[in-house]
Amino acid sequence: MSLNHRHKIAVIGIGAVGSAVCYGLINQGICDDLVLVDVNKTKAIGEAMDLRHSIEYMGRNMKVRAGEYKDCGDADIAIICLGTPQNLLKRDAEGNVIRSSILEVACKMVRPATEELMRSGFNGYIITITNPLDTITQLIWRISGLPSNRVIGSGTSLDTARLKCILGEIINVDPHSINAYVIGEHGPTEFIPWSIASVGGKSMNTIKADNPDRFADHTYESILKKVQVAGPKVVNKKGFTNYGIASSAIAIARAILYDECRVIPVCTYLEGHYGFSNVFTSVPAIIGGEGVHEIIDLHLTDDEMEQFRHSVDTIREANLAAQAYL
């Protein structure tokens with residue numbers, strides 16, 4: 001009798017992030033079969049070889065290979081790690097990247113990649129980390145034709161991890177013990193609903209009031225700013241970010257494959273949740289064998305709902321702009 005319970009993941013885009021995703025998948029033993037797909041086939045082959053050489057000392061028995069879109073048809077999960085090549089981005093007179101240029105380049109990359117993936121017969125789950133995240137996730141969903149619960153953006157999962165690290169340092173507690181989220185757009189309008197943040201059942205507002213010395217140099221606004229500049233700070237020092245976002249994507253994949261029912265703030269489709277519909281944005285969701293099993297409707301304050309509304313409006317503007325590039 002043949003036993004066939006193998007988990008297969010395809011990683012599309014083998015740059016700094018895609019390579020980190022592949023290494024993390026192997027290191028954690030998430031799947032049995034790993035396929036690397038990249039427009040630069042030679043690089044994908046080299047990465048696959050290097051990764052195979054690492055398996056000996058990880059106690060794994062995995063199949064790792066470079067492939068093409070046609071090899072993704074039977075994959076359980078496809079993780080899209082396409083980055084925007086710097087040489088294709090438009091810049092202003094001061095050399096700063098024009099934000100609309102990122103959207104244009106990303107749309108023109110993601111559409112053919114998604115179409116190729118679906119032509120392979122793929123019928124699994126898609127996890128994407130390509131920016132601008134919210135608009136690209138919605139674009140992939142529309143092109144793929146997959147149910148919305150099976151198309152998931154990494155969203156504010158990494159932003160939330162950064163928030164918990166910062167709060168952990170301020171109040172001297174393990175970040176795992178902190179219950180707090182960054183939600184909304186994965187971008188400038190993201191926000192922290194402080195009304196639901198807590199540690200050990202004690203609200204963050206109460207912790208802040210009871211420990212004014214610990215928060216003497218920190219306001220809620222300054223903490224959000226630290227979260228938002230954390231990524232750019234890493235980029236300024238090493239040229240890119242890859243480990244944090246790779247870990248976020250892997251956590252989502254693991255939650256799906258092993259039906260963990262884990263709460264992760266991901267970019268998902270709102271259909272009446274929080275009063276919004278027909279838009280992808282980040283909120284805490286239960287991730288399991290069905291993909292997004294359930295969206296958690298937080299009871300936000302009026303001020304937080306106004307911030308959420310502003311964030312959703314910003315995403316919708318980007319969604320409209322994306323139509324011009326398709």
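**Exercise 1. Find which residues Ala106 touches, not counting residues up to four places away in sequence.**

Step 1. Contact here means heavy atoms within 4.5 Å. By that rule, Ala106 touches Thr84, Thr130, Asn131, Pro132 and Ile136.

Step 2. Now place the residue: Ala106 lies in helix H3 (residues 99–119). Helices are DSSP runs of H or I with at least four residues, numbered from the N terminus.

Step 3. Check its surroundings. Ala106 has a relative accessible area of 0%, and buried means under 20% relative accessible area (1.4 Å probe, protein chains only), so Ala106 is buried.

Step 4. Look further along the chain. Ala322 is 216 residues away from Ala106 in sequence, and their C-alpha atoms are separated by 9.4 Å.

A word on the model: it is predicted, so local features need pLDDT of at least 70 and side-chain atom pairs count only at pLDDT 80 or more, while totals for chains, interfaces and linings use all residues. Residues are numbered from 1 along each chain as its sequence is written, and side-chain values use heavy atoms, with hydrogens and water left out.

**Exercise 2. Describe how helix H4 (residues 133–144) and helix H9 (residues 302–322) cross.**

Step 1. Their axes come within 9 Å and cross at roughly 55 degrees. Axes are lines fitted to C-alpha atoms, for helices over the stretch in contact, and angles run from 0 to 180 degrees between N-to-C directions.

Step 2. That angle makes H4 oblique to H9 (under 35 degrees is roughly parallel, over 145 roughly antiparallel, 65 to 115 roughly perpendicular, and the rest oblique).

Step 3. List the partners: Asp134, Thr135 and Gln138 of H4 meet Ile315, Ala318, Asn319 and Ala322 of H9.

**Exercise 3. Work out whether H8 is largely enclosed, and whether its length agrees with the expected span.**

Step 1. In helix H8 (residues 243–257), 12 of the 15 residues are buried, so H8 is largely enclosed by the rest of the structure. Among the buried ones are Ile245, Ala246, Ile250 and Arg254.

Step 2. The expected span is 1.5 Å times one less than the number of residues. For the 15 residues of H8 this gives 21 Å, and the end C-alpha atoms are 21 Å apart, which agrees.

Step 3. Meet a neighbour: helix H1 (residues 16–28) packs against H8 at an angle of about 50 degrees, with axes 8 Å apart. The two are therefore oblique to each other.

Step 4. Finish just after H8, where Asp259 takes a positive phi of about 45 degrees.

Conventions
Buried means under 20% relative accessible area, exposed over 50%, partly exposed in between (1.4 Å probe, protein chains only).
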